[in-house]
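This report describes three local features of one protein chain. Please look at the sequence and the model before reading on.

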Amino acid sequence: MKKTLIAITALLSLQSFSQAIYEDERYVPETDPLVLEKLDQWQDLKFGLLMHWGTYSQWGIVESWSLSPEEYGWCERKKGSNPDDYFAYKKEYEALQTTFNPVKFDPDKWAKAAKNAGMKYVVFTTKHHDGFSMFDSKYTDYKITSPKTPFSSNPKANITKEIFNSFRNEGLWAGAYFSKPDWNVDSYWWPKYPPKDRNVNYSPLENPEKWQEYVDFTHNQIMELLTDYGKIDILWLDGGWVAKTPKAEITEWYKHTLDNAEDGYLKHRIINQDIKMDELVVKARKQQPGLIVVDRAVHGKNQNYLTPENRVPEKTLPYPWESCIIAGGGWSYTPNAKYMSPREGIHTLIDVVAKGGNLLLNIAPSPEGEWQQGAYDLLQAYGDWMDVNSTAIYATKPIAPYKENNICMTQNEKGNVFLFYMAEENEDKIPAEVIVKSITPKKGAKMTMLGSKTRLKWEKQAEGFKVIIPENLRNSLPSKYAWTLKIDAVNQ
């Protein structure tokens, strides 16, 4: 995944090239009734797991990005015996295939932890930009099941299949992350030329047969995933620069970029790379009816929901969206990663859901195929909290103003409203009186705290209302970090 907020003033609204998603981005609604139904179901799930995993985990680096010959911090080469020699580095990086042997891989354990945390779907990196396939593709030998890869002799060698099966067995949806660029295959980075940046290193227009070879390769790999790996609910495509890009947009991109490049040096380019996405989606949905397709950062009908990266929007958004957030360290495995505190993690989920989004929390497995203890501890904290409060999370919608001070709000189809009192740092008790000014319960409405049967007294105020929390409840609260008040009905 690309780091966000790069050259933000230069890129402006040129979303097809940037991985950053902005609140004012245009959204093209889906028309397929099966997809619309699936999207509605997905919006009720609220909480999912993202996993970045590949050979790069052995070096603890930023996924594939050090292979990109661009002068950005996340592309910096710091590992290997000679990181200043690009071609020697690339050879050494690709040789990580020959040492990748995650013998402690136990997807059942991950799936159980995710389910316990309240997660409802998983999105797994079947292939990142480096082109290493974490599935048994017949179109490449740069894959987890190749004889060159030590783990290929393991009964669980087809990692993607094992992960999807384990998570589906626990009732979670399966989502396939797939990188549209592939920096290993000859039809994208043609050995005839050196790689120049993240893009294809030749002109697709002047080399149509070579480009068609790449389009076919990409379609074939994606259709493998959608044909041989059971029910797939989400196709989550990364690498938004691989897209059909109109000349006017290309011209505008260069204008903005050059305006911010005093010496005229461009760290990367923008190229029309028509991957025939419309055709692919038709084929994909014949195989997987109702499939949600997320062609990230590419404006158009094949981006069924938007994906703000490692941040939460400041407001509710008028279309389906999902914040993908790092749980600890980086997107990929980071030795000694520091994870979110339980309070931070739970508050992030509440904030996202109150604004109408889903939270996709990233956890990165180790080279040996394990999660760090910090990941398990965080998911356990989510699970403990969700055991009490999940009815205020799943299948809810925003209610204006969605947040007042440290109180977030959601509502369900029955008209019940939930108020999340989010504890400040070191605050272990809800106040004896909680005042909310922006909404008012209906006369005689019942109010309780989730996890308690005690009916709470409330009083109408000049603005809003005040609820009284009895001392015995304050001394034995049903959860930590955030407490949820349920109101049967409010005045609209």
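What covers the buried residues of α8? The cover includes α2 (33-45), α6, β4 (234-238) and β5 (292-295). This is a predicted model, in which local features need pLDDT of at least 70, side-chain atom pairs count only at pLDDT 80 or more, and totals for chains, interfaces and linings use all residues. Residues are numbered from 1 along each chain as its sequence is written, and side-chain values use heavy atoms, leaving out hydrogens and water. Helices (H or I, at least four residues) and strands (E, at least two) are DSSP runs numbered from the N terminus.

**Helix α8.** In α8 (residues 277-287), M277, L280, V281, A284 and R285 are buried. Seen down the helix axis, these residues fall within an arc of 125 degrees, so they line one face of α8; the arc is that of the directions from the axis to the C-beta atoms. V282 and K286, on the other side, are exposed. Buried means under 20% relative accessible area, exposed over 50%, partly exposed in between (1.4 Å probe, protein chains only).

**D197.** The loop between β3 (173-179) and α6 (208-228) holds D197, which is buried at a relative accessible area of 1%. Its side chain reaches two backbone nitrogens:

| Partner of the D197 side chain | Distance |
|---|---|
| N199 backbone nitrogen | 2.9 Å |
| R269 backbone nitrogen | 2.8 Å |

Setting aside residues up to four places away in sequence, D197 touches S68, P69, E70, W189, K267, H268 and R269 (contact: heavy atoms within 4.5 Å).

**Strand β11.** Side chains alternate along β11 (residues 433-436): V434 and V436 point to one face and are buried, while E433 and I435 point to the other and are not.

Technical notes. Polar contact = N/O pair within 3.5 Å; in protein donor to acceptor, adjacent residues only side chain to side chain.
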